[in-house]
Structures are given as structure tokens and as C-alpha cells.
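Trainee: Please take one part of this model and walk me through it closely. I would like the setting around it as well.

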Amino acid sequence: MATAAGTAPPERERLTGAPDRAHLLAGLTVRTLDGPGRAALVADLRAVVAADRVLSGRGERLAYGYDATSERWLPDAVAFPLTAEEAAAAVRVAARHGVAVVARGAASGLSGGAVPVAGGVVLAMTRMDRLLGVDTARRTADVEPGLVNRTLSDRIAGTGLAYAPDPASYRVSTLGGNVAENSGGPHCVLYGVTSQHVERLEVVTAEGERLVLPHARDRAEGVPDLTGILVGSEGTLAVITRITVRLVPQAAGQDTLLAAFADPEAACAAVSRVVAAGLLPSTLELLDGTSTAMVERSAHAGYPDGAGAVILMEVEGEASDRAHQAAAAERLLRQAGALEVRVATDAAQRDALWAGRRAHYGAMARVASHLWVQDVTVPRPRLAAMIREVEAIARRHRLPIATVAHAGDGNLHPDIPYDPQDPDQVSRMRAADREILEACVALGGSITGEHGVGIDKLEAMALMYTEAELAAMTAVKRAFDPAERLNPVKAVLSPGAARRAGRTPRRPPPPSDAERAALEALRQARIAAAGRRALPVGGGRRAALAFPGQSVHPFVADPAGEGAIRVDAENLTVEVAAGTAPAALAAALDRAGLMLRTPPDGSTVGGYLARDPFRPHRATGLSARDAVLALTVVTGPTPDLCRFGRATTKNVAGYDMPRLWVGSWGRFGPIVSAVLRLWPRRETALWRRSGALAEVLDGADRLLSAPAAAALREMAVVPDPDGAAQAWVRAELPAAGALAAAGFARVTERDGDPLAELPAALEAAEIRAARGEAAILYAHGLPPRIETERLAEAARMAAGSPVWALPGARVAVCVDAAEPTGAARAWLDGVRAVGGEAWLSSGGEPWRGIAPSPPSAWLRLATALERTLAEGEAAS
Amino acid sequence: MIGPEALEELEHCNKCGFCLPVCPTYRETGSEVASPRGRLALMEAFGLGEIGAGGDFAQAMDLCLGCRACERACPSGVRFGRALEAARQAVAEAGEQSPAVRRAGRLLLRPVADPARLRGLASALRLYQRSGLRALLRGTGLTALMPRPLRTLEPMLPEVPAAAARRDLQRDLEASEASGEVTVALFPGCVQDALFGPAQRATVRLLAAAGARVRYVEGAACCGALHAHAGDREGARALARQTIAAFEAVGAQRYVNNAGGCGAMLKEYPDLLRDDPEWAERARAFADRMEDLSVALGSLPRPLAFRGTGVTVTYQDSCHLVNGQGVVDPPRRLLQSVAGDRFVDMPAAQDCCGSAGIYNFTQTEMSMRILDRKMGNVAAVAPDVIVTANPGCTLQMRLGVRRSRSRAKVMHLAEYLAERLEGPAPGG
């Protein structure tokens, strides 16, 4: 690994266009290679990949040294694996040679994520580009990382399903790259970012071990969301070799509206009005006045003359619903002072309205020889203020900056044209760039929305995070990749590197009383625990049942109990203290006319988030994790308060740390407060159907694969031992027609609401199981062919105890026996045999028998994370 | 070295990668080195002195088809074709051309610049085809003794027209003089003229039917595209001057060509000669008058009507007609106007067929991979006729038809249309 004693390592070659990164590279242990070293590396790679799939020529290596930033670096070799095994073997070769590994998709990234700043091996994933399968029942697709986003969409077009995230680069960029960068796109305002569309990952670790990570949502309690932390980690934690993506029903159609406003304030106020009225546009784009003028000059899109801002909005759905939404939107936009509103209802008109937005990059790219596309977010109510800041910065630095924004997400792209040959312009561009980042942080936003940190914004991480927060992210890196071989000096800035770069991390704000109490509680608990695991508890009902067989010291992290609930109706967020009772939160949201898509249950909001419990009836396919935009937690050796995420849809810069806290049972420290994403409350009703199990499942299935599925909120099929079943559905009213067609009849909640009672019933069963008085069998991913049979078996096995199932998704079976019978084990095996996943909660072991990855693999990572987070920064 | 004009193109590349999915060689290899962005990056590195003109650099430039699909995908408007020519020129100047490129240069570039020599070669080829030598070689398997690229490409050699065909052409030209209302100067093209008699004659008949007095500009040279693409820009300039002068001598208001590859080059003469004070303005006037046949037919005095025979027809775009001249719809409109035939666009019709000038000689293996993918798309339509708009595409598609055992007939747009022309065809 280390260079032979006595010989100085060969100097790292720096190409023209590579900024001086010496201060960042200084802490690295990866080797730089000389000619013979490189030849040996190439020979070893050729032995495990294939001779003609390893590039070593200087010109060839140069072609793998850049992305869509202007940085240029030189890798030592490029390998094109065709299989996960080849990728793993290549990582092992790199490890043996002590060099870096950078996984690369299309290199269309705008932050330098794929550039090999420390040399080493570039793993070109472009030839692992197969679509491995589409499961229309579970609405998922299995893909290799090199598959291009657009190709996936094209290939599944006939199934009625779609992959929602659509970054501007979707024609080019690979899904592996999209996952690594947690890509966004114009449709995020309705569908969320990539992180919400990834169900599972298969990866190669830094050591070259292949690993199937736990499912992002349907996993046993206490198992950390390792898939979630991987998404957006920019190739620094593991190499992605297979992705299961979530698909959504294709929209029945779109209508597009264009509205012109006198200034950005008026445009942003209009956006707020639309959102406040409960409309859910699928895209909500904004062009500032400079942009409008610019695209008019080049594309002649016919955008209104002299508009200070233009909004493009799209609504989706069935024709009638769409017409209603479009009419409402038009009225609201006019009321908000639109100078002009145009509505497009067919493809040609829609194209005409989009023409200017599509021409934006091209128009800007022709202003000067280069174009720097910035990417920042602010909470949506502050969007107009941020646009004004950018305008002021542009004036100050005499630069023609034009801003387009995903207005619904508060995500701006100020585009700065410049000439790299002109040092004065370059320095003005850099100064403006830095000021834009500072401004967004000051307004409570994130230094990146969808382009990632990469190398470009690495030092700017210090603007956004405190020393403790940077240290916590660095600890995550260390748990996965202690030798810093995977895409080194990207995504996360260690406190040490910040010091070397002369960057002072953000000063932590003074803690509130509750935060101070939480800090003190963890400190005391650590002392009292004396080597045992200090485990934060919420309501305390389940605390002692966690980590069975291990010595734990439970402590209450928020002795103040119920804390503040701050609803920001304009931003559609709520900030809530961990100790808040779910019922109190629900009441507050109800008063504001808002809701959570995955409402908490249990004793406290914090406890619910820390458990992210398996709830079979969620027809949205979402879980607790999907509501979380930001968390304040206590962690680290001191310990310290850390705030991860921001109150925006595109909330992450660096690692998506809140993912680690949601569902990991507090093993990384207590949650103090959370910012959750809200939705306008929609009226719902309850429907019911009964009949033979097969028929009921068939009806449910039809419902789930119809476009109306988007309006379903909860569903459970409950089979009984004699072959009959009942199904309940809670849905928004537009689904009424589809429900009737599937044989469902509307019932009133007063006659009983099993869906509302389900979480409490399941939790009671879980507590009994943890005490060893019962068992629960969990499964997900049953193919529809098999489902009827397995559910019938489950009902017989449960013998009157509850069985709940969401067709094609999740099943929970309660068994009233301390030790599960042979039948139960056979049932679990049967699920696994058809490609599903199943496990057992009994005798206090909630993750017994998780397949397909051996628990040891993720347990090792979870334990390493726990250790590195508690240790703080390593010596380097 | 790479000249300043080309360097300017490189500086405009933001490396966004939007060109990757439209590049045929990137699609085949998934390799950045075989992509437009990668090639530009190598040119940049070469310009910065980080790599030499040989090795990886020369190979990367050789593997490019020069189809310019990337230009249409580029949001920054980088003129890739221009940069590629400069890069190939640099390779040639450094003496780093591959043996295949050098051989192709000897075999093709010199003869095409000299019509007499090309016709001589054509006669020899005709002799080979008609004398029974071809049948003998094929029958005995002796084609196996040919160098591999020639062996692969041998079946695509067109049937060379007999001298009688030239006399027919002359008759049609003379007839058009009597019937025409406007004078149109037709660019003969070197290969098109020597090897594709039927297409030439069909072009004349169509133009005449549309009301043109057709002047066949015998004095025009080869357009120079093969030279420019191979890096010999000076050679291309000499041919351009000769061609412009020959057209000026005809005194026509409208100029027409029927080969997409040539047309793109002819339209680029102003750029080629922009630093030549004597010729720059003349080149502009020349390019302004020059049109592809499919465009010209839409605006000549007499509308044309076509009646087909109930066949299914598809169209293989010429890269340089689409990417160089932006001509996508006019040929399709003509094809759709043929009553009785069924026109169906094949998937990815605008993707290069792999012919690309001398590419199928210099990069036979890649050319065949691209062609085989193309024939897969052709199969999806199952056409009776594949219409093309450029001689290189015609040859390549004929080879593709053989390789894929398709039953389709490959015809130049002019041939297909002229066969279906309704009404009295002058001189026909």
C-alpha cells in the first residue's frame, strides 16, 4: 500500500484546467503511480476484467478525466466492467495497488463528481447498461447502473408506468449517476427527487465485496437505511452495480400554462397562491427577465415582451380533473397579477410554450465560450429574495447572469457565461459564484439542489455545516471507506481538510432549551451506560425491547416532552419537536388544511421516525423516511447538535444524513426535532369490498395498476382462514370511479375504520412479539401469481390473528405463538423462493432471517457507522 | 497543429455530453474515446501539447464517421465537423495517418479529383463485373484472397452503367432544353456521375418534368468532401474553386445536387474559402443558389405527381443532408406524395448507416457493426424499397441488404420518384 521506504512518491501530474487542489489532496493515502506502477495496475486489471476493456493510453485516459465542469484530471487506467463481479474484482485490484477508484456514468455532472482528482482507476459503467426486468405488479424496474435515464423511459413506455426523475441531462445521464448525485429535474415538485425512487441497491464496497443493501422502506426495524445513505453519496461510499427503481403510473395527460409577470416577486407570490390553494402542479418552472429576453433573442419562442419573470406550470391527470386544475390555476395566476396567461392543451401548443425553457441552456451557452450552471436551493417563500440577490450579484460583478428555477422546489440555476481565457472574467465569475452560495445559505437553503457537491463545492460545504456536522459526515465516509479510496475528496469535507483549505466551518447557532436538554441527556446517559449502548427513547413503550440480548441504557432524550409545532403553510413544511405526540401534530396540521402523506403513529414523532415501522397498508409506497426534509440530532464524541437537511424538497448537500437516523432505533444518537414535508389536505373516504380472496386481490390489483392509483392512500386486504377476504381502501375522492369499477363500495368511518386502527394493532402485536409472546412474519415483493396462495396459507397459519396485505407490496402476519411453527418457517421460505423478501419478528429479534443479504454484512456496516460517529474525526 | 478556427470550436464545448447518445460509435462502444466529446477533449489535449498526433489521437479521429449527428445535439453550437477536419489535417501533417487511411487516400482521393481517371476505373470495374471475373472469384471463393476490407465491401460495388447510359442522359438533357422554363445547373458529382448513371438520368428527368432546362455541369470537379474530411483542406479548396468557376460559366440562377454528402460540402464553400479574398464572395453566391434535389423539386414551376405500385417504402437519411443542411422533411414529403405506395419511417432513420465517405474502407469492422444495427431497424419496417439520398449510403445499404438477407431494393430518391412519375416525361 505505502510507497517503498526511501523513494519519494511520483508527483501527481496536473493538467491545464485542473485547479490547485493540493491542500485537499494532502491528507490522502492513495498512491500516485509512475510508469511501471501504472503498467502493473493495467496488467492486473486486464487479468480480471478483459484486455480490451481496460484503457491505458494517455489520450484514452485523458478522455476519462473530465465531466461537464471544466476540471481536467488524469486517471491511471479505465476499466469497463460488464458484471458486478468484474466491478468488484477491479475494485480489489485497485485496493491491492493502493489507488483510488472513481465510478463514472456519462460524466454529464456539473460538480466534478466523476473527475479522478487523485488518479487511480476510472470504472466506466456505461457497458453495464441492461434493463434487467420490469415488475408491473410491484411497480419497480431492476437496472444496471449504466442504463441511460431516457432509455429506461423508452423501454418501459408500453407498460403504463414511468420513471419520474427527469434531470435536464436525462437523454445522456445514467441511472447510476442519477443515484450517485440524487438527481432532480422539473418533475420533482410532484414526485420528489431520485432518493424517493430508489428501493434497493446492490453495491461493491471499498474492499471489493459485493453487497445487497437493505430495502429503502420495507425493512426490519432497527436496520439502518443504507440504501438511503448511498443515494447522493457521489460514489464515495460504494460502487453501485444494480438499482431497483420505483415506477409511478404514467400520467393520463398534461396541460401546460405559461404566465408572465412584471417581476420575480409577483411570479413567486403567484406560485405561493397556487400551492396554498392545494393545487399540485407536476412542474413549476420560472425564468427570470434576463432569461426571457435571452431565449426570445435566440429561439423566438414568443414569450411575452418585457416580462420580468415567466412561469411554466404543468398539471397532470384525467382530462376532466386536469381541465378543472388548469382553470383554477389560470384564475389564481391572473388574480396574482399575471400580465398574460396562456394555456396549452395539445402537444403542439405545449411544445410551443416549452420552447423557450428548452432553449435556455443553448441560448446562454452561446453568450460566451463557456457557461457555468450554478445550482442552489432556498425555502420556496424566499425564492424571490434569492433571485433579487442573484441580480444584485450580477450587477456587482458585471456579468450577464440569467436564472431559471424549479420554482416549486425553491431550486435556482443562475447561469453565468464567461470566457475561461479571460482571467478577469474568470475571477469575477468565481467571486459571483461564491456570493451566490453565501446568499443561499443565509436564506436557509442548500448549496446544491441537484448537481451535487463533487469537487466544485467541496470547500463551500464549510459555509453550510458546522465542524461537528462535517465531522459526522466524515465519520460516515470512514465507516464505509476507511482508506479513502472511493472517489476521494468529493462530496464531504473533513474538518481537517477545511482547516487546510483555510475554511472556517459555520458557527453553530445557540441551542434551544430542548436542544440543550437533549445534549445533556446523551452526555449523562453515556456516562451511566458505561460501555453499554445508550438508547434514546420517546414514549418508552418499546425502548427496552430494542437491541435484544444486548445491554442497553435507555434514556429520555427530550424530557420537555411535547415541543413546539411550527407549521410553515407557505413552504408546506412543519418543524416539530421529537417529543410531540402524533395526535397533537395531526390536529395542528388539520387546522392548517395540510397533511403528511405518511402520518406518524406510536407515542412520539421522534420515536416514530427512529423506528420507521413496517406498515403494510400504505398504498403510496412511501414510509416515514419520505416525509423527512431535515433533522436535528445529537451525535458525535462530544456530543454535539447537528442539523442535516434543509426545509426544501432538494434538501441535501453532502450525505443525506437524516436517512441514517430514520429507522435505525436511535443507535446513532437521539433525534431532537424534524422538518417534515406537507401536502395540501385532500378529502378522503373509505371503501370496502369483500368476497373470495382471489377476487378481492384481483380487484385490488386492478386498482393499483390504474392511473387512479396516485389517489390511493391506504389499502389493506385481510384474508380470513376460510378463504374469504375483505379489502379496505382510503383514497382521495377522484379515485371513486376506479374504486367502483374494481367492485368497492363506499362505507362510513363511523361503522369502523380498520385502516386507522391498523398501526396500533400492529404495534401491540410487535410488543407482544418482542416480549416473546407472539411472532410476526413480514414479507414484501410477492409476485401476484403466488400471492393468493401465500395469503390463504398465512390466514390459516394465523388462525384468527390478523393478516394484513397490500397486494404486490407488503404482508404482515401475526401468529399467536411464542416460537414460530414449521409452517411459519415454510411460509417464509416460500416467499423467498419466489423472489420476495421475508423475515420474522419474535423473541425480541426483529430481523431474524432477513434475506437475501446476510445480516452480518449490513450489521458490520451499521456497527462501523455507530463506532465512527461516536469517535469523531480520525487522526488524519 | 490545430488551426485557430478549430480551436474556437473546442473552446465552445462545455463537455455537457449531450452529444453522446446520438453518436453511432459511442453507441457501439460505450467509450468516451469514441464519442464527440471525447474527440474534442483529445483535440484540446493535442492543442495543449499534452499528447501527440499519433497513437490514441489518430485512432480516435479515424474511428469517427464524421456524420455530424453531434452537431444537431449540441446546445452550444460546436461545429464538430470543422474541428474534426482540422484534427485530421493535423494527423496527416504529422505523418501519423494509419495505413488504411493512407491506402484509401491513394485509392479514392486522387481518382475522384480527376473525372477521366475515375471513368477509367469505372470501366475497369465494369469489366470485372461483366467479364465473369467476379463470378469466377465469388464462385471459387477466391474473394477470400482479397484484403479483408475489400472482401467485406466487394458485394456492394454497384453495377457500373454502360456507355449507352451516358448517351441516354445526353438525350434527356437536350430534351429539357426545349421544354424547360428555368435554367438549373446540376452538379454531376464524381462517384455519382461515374457509377450511378440511373440516378443521374432520373434526376434530370425529374427536374425536366418540373420545368427545368437542365445543364449538366461537366466542368465541375469533385466537391472535395472526401479530401476535407480526410484532412486535405487545401486539396478541397482547389476543387471548390474549379467547381464554382464551372457553375458560374453556365449562367443558371439555380443550382441542384443530388448527393447529400456533396451538397453539405458545396454549401460549406463559403467557410472553406473565407480567407481567400478572390473567392470568398463567389463561394457565398454559389452556396446560396445550391439546393438538394428534394428541396428544389418543391419550388420549380411545375408540380409533380407520382403513382406507385403498392410497395412499402422507407427512407435512410443522408447524414450530411440532415446534419449538414438540415434537410429532413422535403424528401419525406415527396415520398408521402406517391399515390399507391406506403411510406413508413424506420426507427432511427437519421442514424448514420456506417458508410461515411471512405469510412467503410478504413474502419470496416465498426462500419459493419453500425450497418447491422441499421438493418435491424430496417427489418422493423420490412420495406420493399429503401430510398437513399447519397451515393455512399446507397452502396452501404445495398451491402446491408445482402448481409441481412433482406428482399428490399435500394434506390436513390430520384430513381424511385422518376419511375413513378405521372404524365408525359419529356425525352422519356
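Mentor: What follows starts with one helix, then widens to both chains and a few loop residues.

This is a predicted model: local features need pLDDT of at least 70, side-chain atom pairs count only at pLDDT 80 or more, and totals for chains, interfaces and linings use all residues. Residues are numbered from 1 along each chain as its sequence is written, chains are lettered from A and ligands numbered from 1 in the order in which they are written, and side-chain values use heavy atoms, with hydrogens and water left out.

Take helix 1 of chain B, residues 4-12. Helices here are DSSP runs of H or I with at least four residues, strands are runs of E with at least two, and both are numbered from the N terminus. Four residues of helix 1 are buried: B:Glu5, B:Ala6, B:Glu9 and B:Leu10. They cover an arc of only 145° around the axis, which puts them on the same side of helix 1 of chain B. That arc is taken from the directions from the helix axis to the C-beta atoms. An α-helix has 3.6 residues a turn, so residues three or four places apart point the same way. Buried means under 20% relative accessible area, exposed means over 50%, and partly exposed is in between (1.4 Å probe, protein chains only).

What do these buried residues pack against? They meet helix 3 (36-47), helix 6 (80-93) and helix 17 (269-272) of chain B. Contact means heavy atoms within 4.5 Å.

Now the rest of chain B. It has 25 helices and 10 strands. Of its 428 residues, 59% are buried. Among contacts in chain B with a separation of 6 or more, 77% join residues 24 or more positions apart. Chain B exposes about 16,100 Å², and carbon and sulfur atoms supply 54% of that area. Accessible areas come from the Shrake-Rupley method with a 1.4 Å probe; for residues, only the protein chains shown count as cover.

Two alanines in chain B deserve a look. B:Ala348 has a positive phi of about 55° although it is not a glycine. It sits in the loop between strand 8 (342-343) and helix 22 (359-362) of chain B. B:Ala348 is partly exposed, at 34% relative accessible area. B:Ala382 also has a positive phi, near 50°. Its loop runs between helix 23 (364-381) and strand 9 (385-388) of chain B. B:Ala382 is partly exposed too, at 41%.

Turn to chain A. It holds 28 helices and 37 strands. Its C-alpha trace spans about 80 × 70 × 55 Å along the principal axes. Of the 876 residues of chain A, 64% count as buried. Its accessible surface is about 29,300 Å², 51% of it from carbon and sulfur atoms.

One buried loop residue in chain A is A:Asn571, with a relative accessible area of 9%. A:Asn571 lies between strand 22 (565-568) and strand 23 (573-577) of chain A. Beyond its neighbours within four places in sequence, A:Asn571 is in contact with A:Pro379, A:Arg380, A:Pro381 and A:Ala647. A:Ser272 is 299 residues from A:Asn571 in sequence, yet their C-alpha atoms are 8.1 Å apart.

Last, a cis bond. The peptide bond from A:Thr638 to A:Pro639 is cis, with omega near -5°. A:Pro639 lies in the loop between strand 25 (628-635) and strand 26 (640-645) of chain A.
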